[in-house]
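Here are my notes on the model you sent over, jotted down as numbered points. Have the structure open while you read.

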Amino acid sequence: MAATPVEMTNSYVFHIDLCGLALHNEIKVHVECEKTLVIRYGASYNRDALTKKFDLPQNANVDSTSAVFHNGILFVTVNKFNRSQVKVIRVSKAEN
């Protein structure tokens with residue numbers, strides 16, 4: 001399973017070559033622990049299925065992940081958080 005992640009301005013796009021796979025319903029895409037993209041395909045997800053994992057950057061917005069299977073290529077898009085969506089926490093000095 002060849003894979004090429006590409007960083008775009010507002011997202012990360014993963015191109016995963018699944019040559020020989022004909023059915024999109026043989027592919028499962030999910031995110032583990034809010035930081036790892038997991039792609040599993042073939043053999044109806046049993047122990048013979050193949051798995052590929054990608055560590056996602058901290059600014060990946062996993063709630064906006066989408067996947068499209070076209071001509072043997074799986075395209076998975078993970079949007080980035082906008083800078084305005086990143087919460088900055090102010091650190092204050094403790095009083096004695």
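Which residue in E7 does Ala-67 stand opposite? The partner across from Ala-67 is Val-76. Keep that valine in mind, as it comes up again below.

1. First, the usual caveat: this is a predicted model. The chain has 7 strands and 0 helices, and reading along the sequence you get β-β-β-β-β-β-β.

2. The E6/E7 pair is a good place to begin. Strand E6 covers residues 60-70 and strand E7 covers residues 73-80; the two run antiparallel and are joined by 7 bridges. They make a hairpin, with 2 residues between the strands. Ala-67 and Val-76 face each other across this pair.

3. Have a look at the turn of that hairpin. Asn-71 sits in the loop between E6 and E7, and its phi is positive, about 50°, even though it is not a glycine. As background, most residues other than glycine have a negative phi. Is Asn-71 buried or exposed? With a relative accessibility of 69%, Asn-71 counts as exposed, because the cut-off for exposed is over 50%.

4. Now the three-stranded part. E3, E4 and E5 form an open sheet in the order E3-E4-E5, with antiparallel pairing. The edges are strand E3 (27-32) and strand E5 (50-55), each of which pairs on one side only. From one strand to the next, the twist averages 15°. For the general picture, strands of a sheet pair through backbone hydrogen bonds.

5. Going through the pairings in that sheet: E3 and E4 run antiparallel and are joined by 6 bridges, with Val-29 opposite Ile-39 in E4. On the other side, strand E4 (residues 36-41) pairs with E5 over 6 bridges, also in the antiparallel sense. If you want a landmark there, Thr-36 has Asp-55 in E5 as its bridge partner.

6. E3 and E4 form a hairpin too, with 3 residues between them. Which residue in that turn has a positive phi of about 50°? That would be Cys-33. Glu-34, found in the loop between E3 and E4, has a positive phi of about 60° although it is not a glycine. Glu-34 is exposed, because its relative accessible area of 60% lies over the 50% cut-off.

7. On to the inside. The largest nonpolar core has 16 residues, and the ones touching the most other members are Phe-14, Ile-16, Ile-39 and Val-76. Strand E2 (11-17), E4, E6 and E7 each supply at least two residues of this core. In general terms, nonpolar side chains tend to be buried together in soluble globular proteins.

8. Back to Val-76, as promised. What does Val-76 contact once its neighbours within four places in sequence are left aside? The list includes Tyr-12, Val-13, Phe-14 and Ile-16, along with Val-29, Leu-37 and Ile-39. Thr-65, Ser-66 and Ala-67 are on it as well. So Val-76 touches two of the residues that face each other in the E3/E4 pair, Val-29 and Ile-39.

9. Finally, some whole-chain numbers. Of the 96 residues in the chain, 26% are buried. The chain exposes about 7100 Å², and carbon and sulfur atoms supply 49% of that. Among contacts between residues at least 6 apart in sequence, 38% join residues at least 24 apart.

Note on methods: Residues are numbered from 1 along each chain as its sequence is written. This is a predicted model: local features need pLDDT of at least 70, side-chain atom pairs count only at pLDDT 80 or more; totals for chains, interfaces and linings use all residues. Side-chain values use heavy atoms; hydrogens and water are left out. Two strands pair if DSSP finds at least two bridges between them. Helices (H or I, at least four residues) and strands (E, at least two) are DSSP runs, numbered from the N terminus. Axes are lines fitted to C-alpha atoms, for helices over the stretch in contact, and angles run from 0 to 180 degrees between N-to-C directions. Buried means under 20% relative accessible area, exposed over 50%, partly exposed in between (1.4 Å probe, protein chains only). A nonpolar core is a set of buried Ala, Val, Leu, Ile, Met, Phe, Trp, Tyr and Cys residues joined through side-chain atoms within 4.5 Å. Contact means heavy atoms within 4.5 Å. Accessible areas come from the Shrake-Rupley method with a 1.4 Å probe; for residues, only the protein chains shown count as cover.
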